[in-house]
Structures are given as structure tokens and as C-alpha cells.
Amino acid sequence: MLYRDFATQEAIDREYDPMRGRDPAALLADWQARSQAARERCRVSASIAFGPTLAERMDIYHAESENAPLHLFFHGGYWRSLGHREFGFVAEGLVRSGISVAVVNYALCPTVAFGELVRQARAAVAWAYRHGVELGVDGSRLSVSGHSAGGHLAAMLLATDWLGQYGLPDDLLEGVLCVSGLYDLRPFPWSWLQPKLQLSGRDVADYSPLFLPCRVPAPVQLVAGGEESSEFDRQMRAHAEHLESQGIAVGAELLSGDDHFTILDHYAPSGRFVQRIAAFHGA
């Protein structure tokens, strides 16, 4: 077997290719249009640099009040496609709820090694914590979410030694939401993604949240769509058990009727994810 009970690449690909049956061009055009509309309705500080490379940028969607909490969103794209400009639409509901939002960009495989994506995600959080005053937000009140590959990056933030590596408090996050995330990287070296990801055995061990200790004592919400393949549900539940075994307050929920992409509609004003993120900040 290549991975668990999967004997062939084709079997793994079927479970881990959520774009099957979807029109990628139509999906992307919809996200771009919705994101442009959100930028027109919100006050946005565009392409703020949080690191030295061109990829390390974030768009800040400002809540009306100064010193608002800041939520960082990490986009999907299976670590090898898309960028922050396609995902501005996730910010508007949170902004209306009084939470500023940083939609984070990061470099993509294979232009950089897989570990560099994780480093950049961590750098974005560290930078936001330290530069909240400049951004007009409360950098000590951070929460994080991510979708798909971004859900993996959000989970990796929980496995970060913030004090030892960054000199920051381990409780710097008030909550983490992982949407359709991937927590066990073992299937991907055998999948259609490997030519782009170029994952090594060391990468799989170092960057699979399912096998790493959780160092951040924040509440965690894991969600997946009921119309996604069974592997997304299985990975979600396995990671929930992993976090619970370490005393983390975690919820795992399969959202009936949602696929890998419609699940993002819960970021809409008054949506399920907006309410959960607001709850992280006591709202």
C-alpha cells in the first residue's frame, strides 16, 4: 500500500482532487469578482510587506474601530497556486463584525521548498503581533483561519514554538479555525501534486501537524464539507483526536451540503465562520 489502504496513485488522486467536476476558470472568476467588490466596500491597506521577499505580503481590511482584533486568513491552492488577491471576499463579514482582517500571501511550490511556506506563515503572524500599532489593530488579539492548504498552515501555527523561536508568548493566538485542512502529508508524495510539491520524507515528518505537539493553548475549530471526499472528514477527525489528547479545546464538524469550495460561503456577513471567529475574541 502507498498510504493507508490506497494501493495506487489513481486512488489517492480521486480522494485528494476536490476540483473534479468543477470549472476552475468559473470558480476563479467568481472569487476575483467578489474580492474586488469587497475591496471597493472596505478600507484596505494593500500589499503590506511582512517579510523580505516579494511574496510576503498581506492586504489589511480595516474594521471601523481602531485597535480592533486582527484575524489572519491563509488561502488554499494546494500550496502551489492562487494568491491573496483572490480571497478578499472572506474579509467583509468579519470587518462588519468589528474585526480587521489580514488576507495573507505566501510563496508557492515549486518556486520555493515546502518548508518556506510554513516559515512565511509564521513570519506573518509574528509581524502582525509586533506591528499592530502601525496597522491600527490590536496585535495582541490575533486569530487565524485557513482553507485547504491554508488550513494546513493554520494548523502548523499551533505547532510553533513561539517563545523559543520568536520570543513571543505561546498564547499569542486567541483561536484557530481550519477549514477543509490537510493535517497528514503522507499521501501527497504519491499523488498528482508531487511534481509541484516535491515533498521529501523529512518534509512529511516535519510539516504534518498530525504528528507534531500543539504548543498554542488556543481553542480550535476544525470543519470540512459533507460533499467533500471521505479523506477530508477522516483527516479532520484524526487531527481533532490528536489535539484533544493534548488537552486542547477542539471542535470538529462536518457541514452538510458543502463541498470544498462552497464551504467558503460561511465567511459571508453573519455566516457561521464569522460567528465562530468573533467568539474567539469574546464577541
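**View 1. What the largest cavity is lined with.** In this predicted model, the lining of the largest cavity splits into eight nonpolar residues, two polar and no charged. The residues in question are Ala-155, Leu-158, Ala-159, Pro-209, Leu-212, Pro-213, Cys-214, His-239, His-242 and Leu-243. Helix H10 (230–244) puts in the most, with three residues, and H6 joins H10 in supplying at least two each. The volume comes to about 30 Å³, and the structure holds one cavity of 30 Å³ or more.

**View 2. Helix H6 and its surroundings.** How many of the 10 residues of helix H6 (residues 149–158) are buried? The count is 10 of the 10, so the helix is largely enclosed by the rest of the structure. If you want to click through them, the buried residues of H6 are Ala-149, Gly-150, Gly-151, His-152, Leu-153, Ala-154, Ala-155, Met-156, Leu-157 and Leu-158. Ala-155 and Leu-158 also turn up in the lining of the largest cavity.

**View 3. The largest pocket.** Here the volume is about 270 Å³. The pocket is lined by 18 residues, and those closest to its centre are Met-19, Gly-77, Arg-80, Leu-82 and Phe-261. By type, the lining divides into 10 nonpolar, six polar and two charged. Which element gives the largest share of this lining? That would be H2, with four residues.

**View 4. Ala-38 in helix H2.** Staying with H2, this close-up picks out Ala-38, which sits in the helix at residues 24–41. Ala-38 has 0% relative accessibility, which is why it counts as buried; the cut-off for that label is under 20%. Leaving aside residues up to four places away in sequence, Ala-38 touches Tyr-61, Gly-88, Phe-89 and Glu-92. Take Tyr-61 as one of these partners: Ala-38 and Tyr-61 are 23 residues apart in sequence, and their C-alpha atoms lie 9.0 Å apart.

**View 5. The largest nonpolar core and its neighbour.** As a rule of thumb, nonpolar side chains in soluble globular proteins tend to be buried together. In this model the largest nonpolar core has 69 residues, and the members touching the most other members are Leu-72, Phe-74, Trp-79, Val-125, Leu-173 and Phe-188. H4 gives the most to this core, with 10 residues. Another core lies apart from it and has 27 residues, including Trp-31, Ala-91, Val-95 and Phe-261. Phe-261 is worth a second look, as it is also listed among the residues closest to the centre of the largest pocket.

**View 6. Around Phe-188.** Zooming in on one of the core members with the most partners, what does Phe-188 touch beyond residues up to four places away in sequence? Its contacts are Tyr-16, Tyr-78, Trp-79, Leu-182, Leu-193, Gln-194, Leu-197 and Leu-199. Trp-79, like Phe-188, is listed among the core members that touch the most others.

**View 7. Two positive phi angles outside glycine.** Tyr-78, one of the contacts of Phe-188, has a positive phi of about 55° although it is not a glycine. Tyr-78 sits in the loop between strand S3 (68–74) and helix H3 (92–96). Is Tyr-78 buried or exposed? Buried, because its relative accessibility is 4%. Ser-180 is also no glycine, and its phi is positive too, at about 50°. The loop holding Ser-180 runs between strand S6 (173–179) and helix H8 (194–197). With a relative accessible area of 1%, Ser-180 is buried.

**View 8. A cis peptide bond at Pro-110.** The backbone does something to check here: Cys-109 and Pro-110 are joined by a cis peptide bond, with omega about 0°. Pro-110 belongs to the loop between strand S4 (100–104) and helix H4 (114–130).

**View 9. Stepping back to the whole chain.** The protein has 11 helices and eight strands. Its radius of gyration is 17 Å, close to the 19 Å that the globule rule gives for 283 residues, so the protein is as compact as a globular protein of that length. Along the principal axes, the C-alpha trace spans about 55 × 45 × 35 Å. Buried residues make up 58% of the 283. Of the contacts between residues at least 6 apart in sequence, 75% join residues at least 24 apart.

Conventions
Residues are numbered from 1 along each chain as its sequence is written. This is a predicted model: local features need pLDDT of at least 70, side-chain atom pairs count only at pLDDT 80 or more; totals for chains, interfaces and linings use all residues. Side-chain values use heavy atoms; hydrogens and water are left out. Buried means under 20% relative accessible area, exposed over 50%, partly exposed in between (1.4 Å probe, protein chains only). Contact means heavy atoms within 4.5 Å. On a 1 Å grid over the protein atoms alone, a cavity is a set of points where a 1.4 Å probe fits but cannot get out, and a pocket is an open set with protein on both sides within 12 Å along at least five of seven lines; lining residues have an atom within 4 Å of a point. Grid points are joined across faces, edges and corners, and a volume is the space filled by probe spheres set on the points. Ala, Val, Leu, Ile, Met, Phe, Trp, Tyr, Cys and Pro count as nonpolar, Asp, Glu, Lys and Arg as charged, and the others, Gly among them, as polar. A nonpolar core is a set of buried Ala, Val, Leu, Ile, Met, Phe, Trp, Tyr and Cys residues joined through side-chain atoms within 4.5 Å. The radius of gyration is taken over C-alpha atoms; the globule rule is 2.2 Å times the number of residues to the power 0.38.
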